[in-house]
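Hi,

Thanks for offering to take a look at this one. I am passing the structure on to you here, and my notes come right after it.

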Amino acid sequence: MKKLLFFILFAPALAIANPPVEQMNLAAITKAISDGNADALAQYFDANVEVAVMDNEEVYAKAQAVQVVKDFFAKNKPKSFSQMHQGASKGQDSQYCIGNLVSASGTYRVYIYMKVTGGKYLIQELRFDKE
């Protein structure tokens with residue numbers, strides 16, 4: 001009985017101390033965008049990624065997508081990134097995050113769509129739209 005009570009009382013604390021992998025990935029992705037670090041962000045790219053910068057939208061191989069994002073960050077040095085919305089599909093096989101990126105050249109709405117590939121969430125789509 002004591003073991004059950006201990007588990008009931010401390011299980012929530014363990015869940016907070018060990019957040020799910022998708023939350024850790026999203027935190028790392030958020031930091032990479034906030035820092036303007038395309039290489040760190042690339043760790044979470046799938047083999048092909050749809051990248052949209054304003055009206056220029058294209059599906060790129062991972063290496064090309066990294067270069068497009070590097071170019072975007074070079075032209076729009078990030079000051080901060082804040083998540084506004086996030087959610088997951090009913091089956092938990094995909095998730096999204098929408099946030100605001102404040103840069104030296106203005107504010108951008110950022111949309112990130114991730115899907116489970118090989119047992120982990122990978123970015124399928126990344127959009128930067130001028131506010």
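Below is what I found, beginning with the charged side chains and ending with one asparagine.

Please keep in mind that this is a predicted model.

**Salt bridges**

Side chains of opposite charge can pair when their charged atoms come close. In this model the count comes to 6 salt bridges. A good one to start with is the pair Lys 70 and Asp 39, whose closest N and O atoms are 3.2 Å apart. Lys 70 belongs to helix H4 (residues 62-75) and Asp 39 to helix H3 (residues 38-42), so this salt bridge ties together parts that are 31 residues apart in sequence. If you colour the model by accessibility, you will see that Lys 70 is partly exposed at 33%, and that Asp 39 is partly exposed too, at 47%.

**A network around Arg 127**

Next, please look at the strands. Glu 57 forms a salt bridge with Arg 127, again with 3.2 Å between the closest N and O atoms. Here the partners sit in strand S2 (residues 56-61) for Glu 57 and strand S6 (residues 120-130) for Arg 127, so the pair ties together parts that are 70 residues apart in sequence.

Arg 127 also meets the side chain of Asp 129 in a salt bridge, at 3.7 Å from N to O. These residues are part of a wider set: Glu 57, Glu 125, Arg 127 and Asp 129 are linked in a network of salt bridges.

Which members of this network are buried, and which are partly exposed? Arg 127 has a relative accessibility of 19%, and because buried means under 20%, Arg 127 counts as buried. Glu 57, at 40%, is partly exposed, and Asp 129, at 27%, is partly exposed as well.

**Asn 100**

The last stop is Asn 100, which you will find in strand S4 (residues 94-103). With a relative accessible area of 15%, Asn 100 is buried. Its side chain is joined to that of Arg 109 by a polar contact of 3.1 Å.

What else does Asn 100 touch, leaving aside residues up to four places away in sequence? Besides Arg 109, the list holds Ser 80, Phe 81, Ser 82, Met 84, Thr 107, Tyr 108 and Glu 131.

If you would like a short route through the model, I suggest going from Lys 70 and Asp 39 to the network that includes Arg 127, and then on to Asn 100 in strand S4.

Happy browsing, and do write back with any questions!

Best wishes

Methods. Residues numbered from 1 in each chain as written. Predicted model: local features only at pLDDT ≥ 70, side-chain atom pairs only at ≥ 80, totals over all residues. Heavy atoms only, no water. Salt bridge = Lys/Arg side-chain N within 4 Å of Asp/Glu carboxyl O. Helix = DSSP H or I, 4+ residues; strand = E, 2+ residues; numbered from the N terminus. Buried < 20%, exposed > 50% of the residue type's maximum accessible area, 1.4 Å probe, protein only. Polar contact = N/O pair within 3.5 Å; in protein donor to acceptor, adjacent residues only side chain to side chain. Contact = heavy atoms within 4.5 Å.
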